[in-house]
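Please open the model in your viewer and set the display to a cartoon with side chains available on selection. The tour below proceeds from one selection to the next.

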Amino acid sequence: MAAAQGAGGGSAGPAGPPASAPGHGSGSAAVAVWEWQDEFGRWRPYRGNVCSYIEQVIQASQQKGRRSGSGLVSSIPLGHADPALAPYVIDIPSLTQFRQDTGTMRAVRRHVFPGDSAAGQGIVWEWQNDEGGWSPYEMNVCVFLEQARATNHQRVDLGPLGYNYEVDFVAQVQTNKSTRFRRSVQRRLDAPYPVTTSTTPLHTGVGCSCQQCWPNSGTGPITTRYRHSTNSPNSAAAHQVPGRTASVSSSNVGFVPYNKPALTGARSTPRLNAQNTLVLAQSGSLSAALAASNGVSAQALPVKMSKSSRVSQALAATPTEPESVVKKYLEELKGAPADEDCMICMEKLSSPSGYSDSCHSSSIRPEAVGRLRNCQHSFHMLCMLAMYSNGNKDGSLQCPSCKTIYGEKTGTQPKGKMEISTFPQSLPGHKDCGTIRIVYHISRGIQGPEHPNPGMPYTARGFPRYCYLPDNEKGRKVLELLKVAWKRRLIFTVGTSNTTGESNTVVWNEIHHKTEMDSNLSGHGYPDPNYLDNVLAELAAQGVTEDCLGQ
């Protein structure tokens, strides 16, 4: 990671905003920045080269459409720009990032900034996370910070942008205004973001009255439809996780996933709904923002995959030959729906699979369409074969649309130990009971064939990890299901840390845990009246439900 560069001068800056702030009146060229929304609601910018690729694909498609009258591109595979993003596709009509091997979806958005802003100069501002790595601010904050620094402000308040922080350029620290907890910040040079010929009014870093800002008061994307009957992306305001946090990173978060072989090779991409627009919402103005400146019972559940376990025995008894698994759970249709897309390759189901050039089978035809037996969603059978072959190959399938699981899903969690204890102290919001403490132990090791880079070492940062549940009926139910998830190797995986960017390391895997007993400022503590219901839903999404108990 590049070292932090010096902040603004040592003298106190002016009390008000600069007189010539870059903004709507700037004569400089505009640049486009694409961002994705993480599980905490924060917007995280893709790197400049990825944004350049997205813009190039859209522009090339527009030019081709003008020449031939054909439809515009709707699906952009990010692995073409960065191999680390191989599992990810951006669906333009719904402004959604889709992970092909897990079905995870996240909102994306596009902002246009002045060419002389931080985005146009390739300047990224970052804050230091709990693991010692650096996490980028969303780009409108970077633009805001860079302009404040350029106009000799010593200190700036991020409150007008929705963050409860102050940034001191001299000390290079961010301070939580409520807790006074401080974090280091740094300014880093990266590749500039791509120049765009868009005529959309420029975005200055904080919302204003431009076309991007006025349609809506939220920060999520404005879309005209959502494909495949999925829930709309979360449009809540993005907030950085404050204070001391044990960040729940996930291997399936966009921009920094593990380098897993991708579902690449789709012949083409489907058509864009040309009426969809790329508009986003903020509020406020840059000038105004700158001016505002004891008893313990213990239990241990080891997972040692080097020896035969119940999980490995179950896998050995399950037919995992890819074609057999696909045919087991999908019923081939005699006629394909004429107007329905395959969610995996984004081609019409009435056309051959988009993966027919890269995935071959002696028993599944490229034009074969199958319907999953329970949820009734339809896909190209060859696309399902490609998706299954790209995954864990454990004999289970997961519907990319509704995430229904067929078979018993297992993960790639390294061997380790899960310890459980109880003590009488209550958690905030659960004063009528004691507390369950879970301690996860995983050590560094060598990646197996199910991991991103077999034979290479993996690290295990931040272990042991301590997690907490209320010792009541629902908390004990969650605990029992977490035991099942642990045995199925679903709680952790080996991938790339969302907070540090380190690859080949143990990360959380889509089942959120409370790693603090009190103070929920970080989102990882209590009180949180919705947590138990939320984690039960996350466990169910992994195929871990009450039906698993007693098996």
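**First stop: strand β13 and its partners**

In this predicted model, select I123 and L189: the bridge partner of I123 in β13 is L189. Now extend the selection to residues 123-128, which form strand β8, and to residues 182-189, which form strand β13. These two strands run antiparallel and are joined by five bridges.

Keep β13 displayed and add residues 173-176, which make up strand β12. The pairing of β12 with β13 is likewise in the antiparallel sense, here over three bridges. To locate this pairing, select Q174 and R183; Q174 stands opposite R183, a residue of β13.

Which residue takes a positive phi in the hairpin of β12 and β13? Select R180, where phi is near 65°. Five residues lie between the two strands of this hairpin.

**Second stop: K474 in helix α8**

Move next to residues 473-487, helix α8, and select K474 within that helix. Is K474 buried, exposed or partly exposed? The relative accessible area of K474 is 36%, so the residue is classed as partly exposed, because that class lies between the limits of 20% and 50%.

Show the surroundings of K474 by selecting L532, D533 and L536; K474 touches these three, residues up to four places away in sequence not being counted. For L532, display the C-alpha distance to K474: the separation is 7.2 Å, although the two residues are 58 residues apart along the chain. Finally, select D533, whose side chain is joined to that of K474 by a polar contact of 2.7 Å.

How values were computed: Residues are numbered from 1 along each chain as its sequence is written. This is a predicted model: local features need pLDDT of at least 70, side-chain atom pairs count only at pLDDT 80 or more; totals for chains, interfaces and linings use all residues. Side-chain values use heavy atoms; hydrogens and water are left out. Two strands pair if DSSP finds at least two bridges between them. Helices (H or I, at least four residues) and strands (E, at least two) are DSSP runs, numbered from the N terminus. Buried means under 20% relative accessible area, exposed over 50%, partly exposed in between (1.4 Å probe, protein chains only). Contact means heavy atoms within 4.5 Å. A polar contact is a pair of N or O atoms within 3.5 Å; within protein, one must be able to donate a hydrogen and the other to accept it, and residues adjacent in sequence count only if both atoms are side-chain atoms.
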